[in-house]
Amino acid sequence: MTPQHNVTPAADWWRHAVIYQVYPRSFADANGDGMGDLAGVRSRLPYLRDLGVDAVWLSPFYASPQADAGYDVADYRTIDPMFGTLADAEAVIADAHGLGLRIIVDLVPNHCSDQHAWFRRALAEGPGSAFRKRFHFRRGRGENGEQPPNDWESLFGGPAWTRVPVDPSAPKAGEEGEWYLHLFAPEQPDFNWDHPAVQDEFRSILRFWLDLGVDGFRVDVAHGLVKAPGLPDMGHAEQLKLLGNQTLPFFDQDGVHEIYRSWRTVLDEYPGERIAVAEAWTPTAERTARYLRPDELHQAFNFHYLNTGWDAEALRAAIDSSLDAMRPIGAPTTWVLSNHDVVRHRTRLGGGEDRARAATLLMLALPGSAYLYQGEELGLPEVTDLPDEVRQDPSFFRDSGQEGLRDGCRVPLPWNGDAPPYGFGDGGSWLPQPADWAPLTVAAQTGDPASTLELYRTALALRRTHPGLGAGDAVEWRDAPDGVLVLRRPGGLVCTVNTTTAPVRLPSPGRLLLSSGALDPTDGEFTLPADTTAWWEE
Ligand code: GLC
């Protein structure tokens, strides 16, 4: 039975939604074990309603040995005890709906955990096991099979293959066995999506969560499920540098689209526009658009935009190419600046809080849907000085893995108080919080009109009411000095952005609605300070 939805039944809600990513282990800790949990998420849902977001995406909370912070799933229908129980998940969904928030859960279909029941059977039963066919097991190359089956590299560094002993319960020296493919950590074996049991299982998992009332799925590594037939060699090293630049034999293969067509029929069986958003790294915006054809998924993260620096020309080009790619298929463009895998944009863009605020106001002015990552509304910087002994990102433990280390954007949120753990919970925090975050807590910023939190609240409230914000597929560019962007949206919203490090004088486009820094409008002109964005009603 589908639980009652109290959220407003808005057609096409996902075409303009602001979706807030909760990283459960770092959001709020209700049981005081230093690790965030679902009860903590539930207790803070009113905060998210007041912030003004439309939906919440929860990173994985499923049963998992946590080799990759929950992106290694041992059981897709069970909650990890460290996060709570299925009843807690149901309570989060019910409370969210009661507050008018939608819930999107993370789905990890490319790989599971090496502790997943299928993989354990595959290992236990040895070569020839029917369960090995649900993964990519191969004999190695070389006389004794001592070389990996092909030259693919793991995204976390090192080869994408691990060899298993013939009998893992009693391994004998010299009696080594087959290899299995893992595009990520060795604890994350890739599923074989040619196998009907894998396809059936994931349609069933979708239904399990849809029946519980979730409003959608964020599809992890959506571009990775299908591998090129025969698993051909890449032919050269440093394959990570090619990510997002060209088609690889393990990414963005045309066969993935058949999977998403079959998922769309499942999503469409349910009332209330249940959606799926793809994490799809592809060479071009056009390739990304293929995931969003009307009978496939609804949205994809715009990593081309996320990867664009604070440069007016480059931003304009990224905005235009994103909109141009989505317009022919009628899919909403999405925008994102931060998530749990990248350096927080306050730090990454190199301009501190002013630039981060300006970047956010530009993003929220663009047509389509936007993704926020927990803590960006507080202006949190990346934590760059975590000691090695507290780090948990698997790529840290494998050389030459994913660029950058991902723990620094995963430090638990500061809610209140003058010292760690700043109201995160009563039991410390799994990653240490900086000693100077007292001014950044939710409590410290609430009610201060100059704070970043209040800027987000005001911007999101305007998005709900102003006809020139939210859904759309076009912007009109006005002439502007070098380093400055002036865009107008149908509906009369004008956004002015100064990406330079000096103030500029511009003609006032109309009535000032909001700005990320102080302006002084006089005589039909105004000064837009360095690293500042302003919204105007024409
Ligand atoms: C995605 C996730 C990332 C994870 C990887 C493997 O990129 O966002 O956190 O490590 O997939 O599941």
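1. Strand β9 is a suitable starting point. From β9, G216 and R218 point one way, whereas F217 and V219 point the other way, and all of these residues are buried. The description that follows rests on a predicted model.

2. β9 has a parallel partner on each of two strands. Four bridges connect β5 with β9 in the parallel sense, and within that pairing V219 of β9 is the bridge partner of L107. Another four bridges join β9 to β10 (residues 275-278), also running parallel; there, F217 has A276 of β10 as its bridge partner.

3. These strands belong to an open sheet of eight strands with parallel pairing, in the order β11-β10-β9-β5-β2-β1-β13-β12. The edges are formed by β11 (299-300) and β12 (334-336), each of which pairs on one side only. Further along the order, β1 (residues 18-22) and β2 (residues 55-58) run parallel and are joined by four bridges. In this pair, I19 stands opposite A55 of β2.

4. Two helices that contact the eight-stranded sheet deserve mention. Helix α5 (residues 196-211) lies across β5 (102-107) and β9 (216-219), and runs at about 155° to β5. Helix α11 (residues 352-365) packs on the sheet and touches β1, β12 and β13 (369-373), its direction making about 150° with that of β13.

5. The second sheet to consider is open and has five strands, ordered β14-β15-β16-β20-β18, with antiparallel pairing. Its edge strands are β14 (476-478) and β18 (511-515); each has a single partner strand, so one side of each is left without a neighbour in the sheet. On average, and with direction ignored, neighbouring strands of this sheet are turned by 25° against each other.

6. Within the five-stranded sheet, β15 (residues 484-489) and β16 (residues 493-498) pair in the antiparallel sense over six bridges. R488 stands opposite V494 of β16. Helix α9 (residues 312-326) lies across β14 and β15, running at about 25° to β15. Helix α11 also packs on this sheet, where it touches β15, β16, β18 and β20 (532-537), and its direction makes about 35° with that of β20.

7. Helix α11 therefore merits a point of its own, since eleven of its 14 residues are buried and it is largely enclosed by the rest of the structure. The buried residues are R355, A356, R357, A358, A359, T360, L361, L362, M363, L364 and A365. From first C-alpha to last, α11 reaches 20 Å, close to the 20 Å expected at 1.5 Å a residue.

8. Helix α13 (residues 452-465) may be read alongside. Its 14 residues should span 20 Å at 1.5 Å a residue, and its end C-alpha atoms are 20 Å apart, which agrees. Ten of the 14 residues of α13 are buried, so this helix is largely enclosed by the rest of the structure. Those buried are T452, L453, E454, L455, Y456, R457, A459, L460, L462 and R463.

9. In soluble globular proteins, nonpolar side chains tend to be buried together. Here the largest nonpolar core has 144 residues, of which Y20, L48, W209, Y260, Y305, L362 and W535 touch the most other members. Another core, of 17 residues, lies apart from it and includes A160, W161, V221 and L248. L362 is also one of the buried residues of α11.

10. P394 is located in the loop between β13 and α12 (442-445). Is this loop residue buried or exposed? P394 has a relative accessible area of 9%, and because the cut-off for burial is under 20%, P394 counts as buried. Leaving aside residues up to four places away in sequence, P394 touches A67, D68, F156 and R406. The C-alpha atoms of P394 and L405 are 9.0 Å apart, with the two residues eleven apart in sequence.

11. Finally, the chain as a whole. The protein chain has 13 helices and 20 strands. Its radius of gyration is 24 Å, close to the 24 Å that the globule rule gives for 538 residues, so the chain is as compact as a globular protein of that length. The C-alpha trace spans about 85 × 50 × 50 Å along its principal axes. Buried residues make up 58% of the 538 residues. Among contacts with a separation of 6 or more, 68% are between residues 24 or more positions apart.

How values were computed
Residues are numbered from 1 along each chain as its sequence is written. This is a predicted model: local features need pLDDT of at least 70, side-chain atom pairs count only at pLDDT 80 or more; totals for chains, interfaces and linings use all residues. Side-chain values use heavy atoms; hydrogens and water are left out. Two strands pair if DSSP finds at least two bridges between them. Contact means heavy atoms within 4.5 Å. Axes are lines fitted to C-alpha atoms, for helices over the stretch in contact, and angles run from 0 to 180 degrees between N-to-C directions. The expected span of a helix is 1.5 Å times one less than its number of residues. Buried means under 20% relative accessible area, exposed over 50%, partly exposed in between (1.4 Å probe, protein chains only). A nonpolar core is a set of buried Ala, Val, Leu, Ile, Met, Phe, Trp, Tyr and Cys residues joined through side-chain atoms within 4.5 Å. The radius of gyration is taken over C-alpha atoms; the globule rule is 2.2 Å times the number of residues to the power 0.38.
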